[in-house]
Amino acid sequence: MKVILLFVLAVFTVFVSSRGIPLEEQSQFLEFQDKFNKKYSHEEYLERFEIFKSNLGKIEELNLIAINHKADTKFGVNKFADLSSDEFKNYYLNNKEAIFTDDLPVADYLDDEFINSIPTAFDWRTRGAVTPVKNQGQCGSCWSFSTTGNVEGQHFISQNKLVSLSEQNLVDCDHECMEYEGEQACDEGCNGGLQPNAYNYIIKNGGIQTESSYPYTAETGTQCNFNSANIGAKISNFTMIPKNETVMAGYIVSTGPLAIAADAVEWQFYIGGVFDIPCNPNSLDHGILIVGYSAKNTIFRKNMPYWIVKNSWGADWGEQGYIYLRRGKNTCGVSNFVSTSII
Ligand SMILES: *[C@@H]1O[C@H](CO)[C@@H](O)[C@H](O)[C@H]1NC(C)=O
Ligand SMILES: *[C@@H]1O[C@H](CO)[C@@H](O)[C@H](O)[C@H]1NC(C)=O
């Protein structure tokens with residue numbers, strides 16, 4: 001009798017605790033480590049588990065915010081789920097805030113007739129102008145990926161040949177600066193940089209090397225190893241694009257993929273859908289590339305317009321390395337710092 005009672009009690013206890021939250025979180029954490037091949041030292045384990053648990057709460061909150069905004073944006077446990085938001089900012093965002101200063105050259109508005117004639121959807125990936133998604137690693141070098149993405153597109157469009165270009169060339173060798181309000185914003189490898197500076201470097205340098213001849217290391221090199229024998233593309237000029245999403249769509253069609261800057265603080269746990277929750281259009285902390293645009297029906301609305309944005313956090317982040325940003329509301333400042341090189 002006693003044995004049976006004990007047995008029943010034991011089964012009951014296991015049943016209750018397996019449904020309790022602590023075990024559930026622990027198994028989610030184990031699954032996360034497995035999936036993303038995370039290995040922690042004994043001391044680190046508890047700290048990472050605490051951050052992971054707090055991130056589970058944040059993810060739930062973000063998904064609720066999305067529903068409240070009638071957005072189909074989805075957030076979930078991804079490879080950044082064991083990072084605090086400060087770590088995420090330090091490792092993956094840009095230390096240099098993009099400011100549209102008066103001395104930057106700006107392209108003209110496009111002809112209304114042309115703007116009215118552009119297709120409702122356009123994607124440079126299907127036209128061969130976009131290299132596979134790259135991975136900046138734990139290095140604030142997004143600006144260099146945004147720049148190479150644009151120059152790769154321009155080179156493809158003018159030469160009909162897609163050549164992957166070297167971010168490390170920029171990270172190691174480009175120390176160009178921009179002036180604003182008496183301050184300087186210089187390109188500093190993993191410590192951040194800006195696309196206009198990078199274009200200026202490529203123009204003055206006479207080109208940028210191929211990816212294969214100057215591979216990425218995710219570290220600021222101690223020296224510049226530029227070799228002009230391995231140049232993959234040259235540019236002669238660059239320009240900013242007016243802050244207007246209709247004009248941007250026109251330039252995507254007429255010119256190619258555009259380098260942009262945006263606020264990516266809320267992108268840490270993005271796993272899919274069209275990103276349309278509040279973020280700060282005046283804090284441009286990440287450099288990326290718009291490769292096209294489209295619209296889709298969501299459960300909340302018909303014809304939700306979006307930008308197709310190539311990121312540099314690996315193909316295992318977001319939608320195969322991409323994020324779709326709501327188009328037409330200047331979401332995350334998507335139109336505030338748009339640029340392209342000119343071959
Ligand atoms: C570079 O582009 C800007 C903006 O389109 C233009 O104003 C400028 O004249 C160009 N410079 C050269 C050297 O072509
Ligand atoms: C944006 O550009 C379009 C097309 O040129 C124009 O019709 C529209 O008025 C512009 N919007 C703003 C806010 O300037």
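A salt bridge here is a side-chain nitrogen of Lys or Arg within 4 Å of a carboxyl oxygen of Asp or Glu. Keep that cut-off at hand for the exercises below, which work through a predicted model.

**Exercise 1. Find the salt bridge of R48 and E87, then place it in its network.**

Step 1. Start with the pair itself: R48 and E87 come together through their side chains, with 2.9 Å from N to O. That value falls within the 4 Å cut-off, so the pair counts as a salt bridge.

Step 2. Look for another partner of R48. Its closest N and O atoms to E47 are 4.0 Å apart, and this pair is a salt bridge too.

Step 3. Check the surroundings of each side. R48 is buried, at 8% relative accessibility, whereas E47 is partly exposed, with a relative accessible area of 44%.

**Exercise 2. Describe how the two domains meet.**

Step 1. Set the bounds. Domain 1 covers 2-76 and domain 2 covers 87-342. In the contact, 17 residues belong to domain 1 and 16 residues to domain 2.

Step 2. Now the distance and the area. The centres of the two domains, taken over C-alpha atoms, are 36 Å apart. The size of an interface is often given as the accessible area lost when the parts come together. For domain 1 and domain 2 the buried area is about 1,500 Å², and carbon and sulfur atoms give 64% of it.

Step 3. Count the polar links. Two salt bridges are found between domain 1 and domain 2, and eight residue pairs are in polar contact across the interface.

Step 4. Ask which elements of domain 1 take part. On the side that touches domain 2, α3 (42-68) and β1 (74-75) each supply at least two residues. The largest share, nine residues, comes from α3. Sorted by class, that side of domain 1 has eight nonpolar, four polar and five charged residues.

**Exercise 3. Compare the surroundings of I59 and D72.**

Step 1. Locate both residues. I59 lies in helix α3, and D72 sits in the loop between α3 and β1.

Step 2. Decide whether each is buried or exposed. Buried means under 20% relative accessible area. I59 has 7% relative accessibility, so I59 counts as buried. D72 has a relative accessible area of 11%, so D72 is buried as well.

Step 3. List the contacts, leaving out residues up to four places away in sequence. I59 touches F75, G76, V77 and F269. D72 touches G272, G273, V274, K296, T298 and F300.

Step 4. Look at sequence separation for I59. Its C-alpha atom is 9.5 Å from that of Q268, although their positions lie 209 residues apart along the chain.

Step 5. Pick out the polar partners of D72. A polar atom of the D72 side chain lies 2.9 Å from the backbone nitrogen of V274. The side chains of D72 and K296 are joined by a polar contact of 2.9 Å.

**Exercise 4. Work through two more salt bridges.**

Step 1. Begin with the total: the rule gives 15 salt bridges.

Step 2. Take D123 and R125, whose side chains meet at 2.9 Å, N to O. D123 is buried at 16% relative accessibility, and R125 is partly exposed at 31%.

Step 3. Go on to E176 and K204, where the N to O distance is 2.8 Å. E176 belongs to the loop between α7 and β3 (177-180) and K204 to helix α8 (residues 195-205), so this pair ties together parts 28 residues apart in sequence.

Step 4. Compare exposure within that pair. E176 counts as buried at 18% relative accessibility, while K204 counts as exposed at 62%.

Step 5. Return to the partners from the opening exercise: salt bridges that share partners join E44, E47, R48 and E87 into one network.

**Exercise 5. Examine two residues with a positive phi.**

Step 1. Take K70. Phi is about 55°, a positive value, although K70 is not a glycine. K70 is in the loop between α3 and β1, and with a relative accessible area of 53% K70 is exposed.

Step 2. Turn to N160, another residue other than glycine, with a positive phi near 60°. N160 is placed in the loop between α6 (142-159) and α7 (167-173). At 64% relative accessibility, N160 counts as exposed.

Note on methods
Residues are numbered from 1 along each chain as its sequence is written. Chains are lettered from A and ligands numbered from 1 in the order in which they are written. This is a predicted model: local features need pLDDT of at least 70, side-chain atom pairs count only at pLDDT 80 or more; totals for chains, interfaces and linings use all residues. Side-chain values use heavy atoms; hydrogens and water are left out. Domain bounds come from an automatic or database domain assignment. Contact means heavy atoms within 4.5 Å. Buried area is the accessible area (1.4 Å probe) that two parts lose on being put together, summed over both. A polar contact is a pair of N or O atoms within 3.5 Å; within protein, one must be able to donate a hydrogen and the other to accept it, and residues adjacent in sequence count only if both atoms are side-chain atoms. Helices (H or I, at least four residues) and strands (E, at least two) are DSSP runs, numbered from the N terminus. Ala, Val, Leu, Ile, Met, Phe, Trp, Tyr, Cys and Pro count as nonpolar, Asp, Glu, Lys and Arg as charged, and the others, Gly among them, as polar. Buried means under 20% relative accessible area, exposed over 50%, partly exposed in between (1.4 Å probe, protein chains only).
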